[in-house]
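Open the model in your viewer and keep the selection box ready. We will go from stop to stop, selecting a few residues each time.

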Amino acid sequence: MVSPLAWLLDEIGASDLSWSADALDLRIKGNVAHDVFERVFPAGADVPDADALALAIGPAFERALSRHAAFLRGAAWDMERTGLEREIRQAALRWRDHLLGLGVRILGNETWLAGEARGIRLRGKADTILELPDGAILIVDHKKSGTAGRRARMEARWDLQVGLYRDMLLRPIRNEGDGSEPLIGRTVGIGYHLMNDGGLLTSGLALGPGSTARDMGDAVNEAAMERLELRMAEVGNGRIVLNTSREERFFKEECGFTPYALTDGSPLVRAFIRDVEEE
């Protein structure tokens with residue numbers, strides 16, 4: 001959606017392989033936090049009480065470090081490691097409050113979904129799938145970020161990710177033994193849980209009075225889907241449209257998100273950005 005050239009380079013494996021020092025970046029923080037949440041909020045189990053949750057986080061955090069960030073065990077990273085564990089612990093306790101307020105059951109974590117959205121065949125992994133008391137489904141993506149940026153993106157109708165998961169369930173592509181039978185035919189809503197401040201932004205469902213989630217309406221992804229359909233049509237016709245010098249500013253100011261495909265992607269993407277005059 002952001003850069004067809006960045007997408008193409010990723011598809012053919014033309015990525016930057018230069019060495020860089022270990023760094024506790026947003027991706028690593030997110031991987032560790034997701035791993036911890038999957039372990040301390042298991043599918044099919046009751047929401048843990050606060051004391052049990054507090055005890056479970058430490059071992060889950062150590063396991064997540066082994067899988068995603070072993071370098072954080074070094075003495076030089078003591079402060080960062082302690083800070084990250086504290087952030088995840090606080091986020092888990094806030095998420096527990098959301099689960100209790102919603103009165104939900106956790107149906108699945110890191111669940112693969114496959115389906116079709118506006119003619120595009122998709123496959124993706126949902127962070128967690130919740131069943132509400134009335135039988136509706138809420139697909140939630142955990143983000144290691146704050147609420148303000150995601151809210152701005154949803155208000156601008158440029159959100160995309162979780163809405164595609166909903167579309168996959170509405171028009172599923174089934175495989176034998178895929179385990180998605182309990183999810184088919186339900187009313188489906190989506191949500192983002194913002195770990196840094198505990199916000200929960202939802203779309204597509206009216207949640208009960210016990211929830212502190214904020215409903216963002218039903219149009220959170222309209223502009224993003226229009227752009228995605230345009231890009232897919234171009235690629236389908238064998239055209240890779242290069243980005244222009246206006247687009248980084250457009251995505252940041254108008255769409256409410258940082259276009260990492262332009263700012264942190266391949267140097268080839270920036271090398272082939274077309275200069276255009278600002279209006």
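The tour below starts with the sheet, moves to the helices and ends at two single residues.

**Before you start**

This is a predicted model, where local features need pLDDT of at least 70, side-chain atom pairs count only at pLDDT 80 or more, and totals for chains, interfaces and linings use all residues. Residues are numbered from 1 along each chain as its sequence is written, and side-chain values use heavy atoms, with hydrogens and water left out. The labels H and E follow DSSP runs, numbered from the N terminus: helices are H or I runs of at least four residues, strands are E runs of at least two.

**Stop 1: the sheet**

Show the strands. Six of them make an open sheet, in the order E1-E2-E3-E4-E5-E6, with mixed pairing. Two strands pair if DSSP finds at least two bridges between them. Now go to the edges. These are E1 (105-117) and E6, each pairing on one side only.

Next, select helix H2, residues 26-40. H2 packs on the sheet and touches E1, E2 (120-131), E3 (137-143) and E4. Contact here means heavy atoms within 4.5 Å. The direction of H2 makes about 120 degrees with that of E1.

**Stop 2: strand E5**

Select residues 199-203, which are strand E5. Are its residues buried or exposed? Five of the five are buried, so E5 is largely enclosed by the rest of the structure. Buried means under 20% relative accessible area, exposed over 50%, and partly exposed in between (1.4 Å probe, protein chains only).

Turn on the side chains. Gly 199, Leu 201 and Ser 203 point one way, while Leu 200 and Thr 202 point the other. In a regular strand, side chains alternate between the two faces of the sheet.

Now add E4, residues 188-194. E4 and E5 are antiparallel and share five bridges. Find Gly 191: it stands opposite Thr 202 in E5. The two strands form a hairpin with four residues between them. In the turn, Gly 198 has a positive phi of about 85 degrees.

Then add E6, residues 214-215. E5 and E6 run parallel and are joined by two bridges. Leu 201 stands opposite Arg 214, and Thr 202 stands opposite Asp 215.

**Stop 3: helix H4 and its partners**

Select H3 (residues 50-68) and H4 (residues 78-102). How do they cross? Their axes come within 10 Å, at roughly 135 degrees. Axes are lines fitted to C-alpha atoms, for helices over the stretch in contact, and angles run from 0 to 180 degrees between N-to-C directions. H3 and H4 are therefore oblique to each other. Angles under 35 degrees count as roughly parallel, over 145 as roughly antiparallel, 65 to 115 as roughly perpendicular and the rest as oblique.

Pick out the contact residues. From H3 they include Leu 53, Ile 57 and Phe 61; from H4 they include Leu 84, Ile 88 and Arg 96. By class, this contact has 10 nonpolar, one polar and four charged residues. Ala, Val, Leu, Ile, Met, Phe, Trp, Tyr, Cys and Pro count as nonpolar, Asp, Glu, Lys and Arg as charged, and the others, Gly among them, as polar.

Swap H3 for H2. The axes of H2 and H4 also come within 10 Å, crossing at roughly 45 degrees. H2 and H4 are therefore oblique to each other. The contact is made by Lys 29, Val 32, Ala 33, Val 36 and Phe 37 of H2 with Leu 84, Ile 88, Ala 91, Ala 92 and Trp 95 of H4. The classes here are nine nonpolar, no polar and one charged.

**Stop 4: helix H1**

Select residues 4-11, helix H1. Pro 4, Leu 5, Ala 6 and Leu 9 are buried. Their cover includes H7 (222-236), H9 (260-263) and H10 (267-271). After H1 comes Gly 13, with a positive phi near 75 degrees.

**Stop 5: two residues with positive phi**

Select Glu 110 in strand E1. Glu 110 is not a glycine, yet its phi is positive, about 50 degrees. With a relative accessible area of 25%, Glu 110 is partly exposed.

Finish at Arg 157, in the loop between H5 (147-155) and H6 (161-170). Its phi is positive too, near 70 degrees. At 35% relative accessibility, Arg 157 counts as partly exposed.

Which residue can you add beside Arg 157? Try Glu 222: the two are 65 residues apart in sequence and 5.4 Å apart in space, C-alpha to C-alpha. Leaving aside neighbours within four places in sequence, Arg 157 is in contact with Ala 219, Val 220, Asn 221, Glu 222, Ala 223 and Ala 224.
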